[in-house]
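Hi,

Here is the structure I promised to pass on. Please open it first, then read my notes below.

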Amino acid sequence: MKIIAKGDDYNVRLRIPTGLVFNRFTAAAISKEMGKYGVKIRPHQARILMNELKKYRRTHPDWVLAEVQSGDGEYVLVKL
């Protein structure tokens with residue numbers, strides 16, 4: 001996963017290993033957090049979702065999750 005944030009006084013580039021983001025611990029945490037907002041998803045279902053996201057990333061390496069540019073010139077890009 002690649003995260004880029006640019007502004008007038010900063011330029012941040014982060015590379016985070018996909019295995020660190022899409023793992024069993026993250027799936028359990030997402031399941032618990034979503035329950036607070038009334039979305040019922042079991043940890044097993046979240047793990048399946050994480051596995052499918054990893055598969056999708058392999059077939060589509062340049063998938064952009066979010067790309068935002070503000071009127072001030074700030075820019076954020078999140079690429080899977």
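**Sheet and aromatic pair**

Strand 1 and strand 2 make a hairpin, with 4 residues between them. Keep in mind that this is a predicted model.

The two hairpin strands, strand 1 (residues 2-6) and strand 2, run antiparallel and are joined by 5 bridges. One contact to look up is Lys6, whose bridge partner in strand 2 is Asn11.

The hairpin belongs to an open sheet of 4 strands. The order is 2-1-4-3, and the pairing is antiparallel. Strand 2 (11-15) and strand 3 (64-69) are the edge strands. Each has a single partner strand, so one side of each has no neighbour in the sheet. From one strand to the next, the twist averages 5°.

Now the other pairings. Strand 1 is joined to strand 4 by 5 bridges, and the two run antiparallel. Strand 3 pairs with strand 4 (residues 75-79) in the antiparallel sense, also over 5 bridges.

Val76 in strand 4 is a good place to look. Ala5 stands opposite Val76. Val68 stands opposite Val76 too. In general, strands of a sheet pair through backbone hydrogen bonds.

Next, the aromatics. The count comes to 1 aromatic pair. In this pair, the ring centres of Tyr56 and Trp63 are 4.8 Å apart and the planes are at 70°, so the pair is edge-to-face; the cut-off for that label is over 60 degrees.

Are these two residues buried, partly exposed or exposed? Tyr56 is partly exposed, at 35% relative accessibility. Trp63 is partly exposed as well, with a relative accessible area of 28%.

Best wishes

Note on methods:
Residues are numbered from 1 along each chain as its sequence is written. This is a predicted model: local features need pLDDT of at least 70, side-chain atom pairs count only at pLDDT 80 or more; totals for chains, interfaces and linings use all residues. Side-chain values use heavy atoms; hydrogens and water are left out. Rings of Phe, Tyr and Trp (its six-membered ring) pair if their centres lie within 6.5 Å; planes under 30 degrees apart count as stacked, over 60 as edge-to-face and the rest as tilted. Buried means under 20% relative accessible area, exposed over 50%, partly exposed in between (1.4 Å probe, protein chains only). Two strands pair if DSSP finds at least two bridges between them. Axes are lines fitted to C-alpha atoms, for helices over the stretch in contact, and angles run from 0 to 180 degrees between N-to-C directions.
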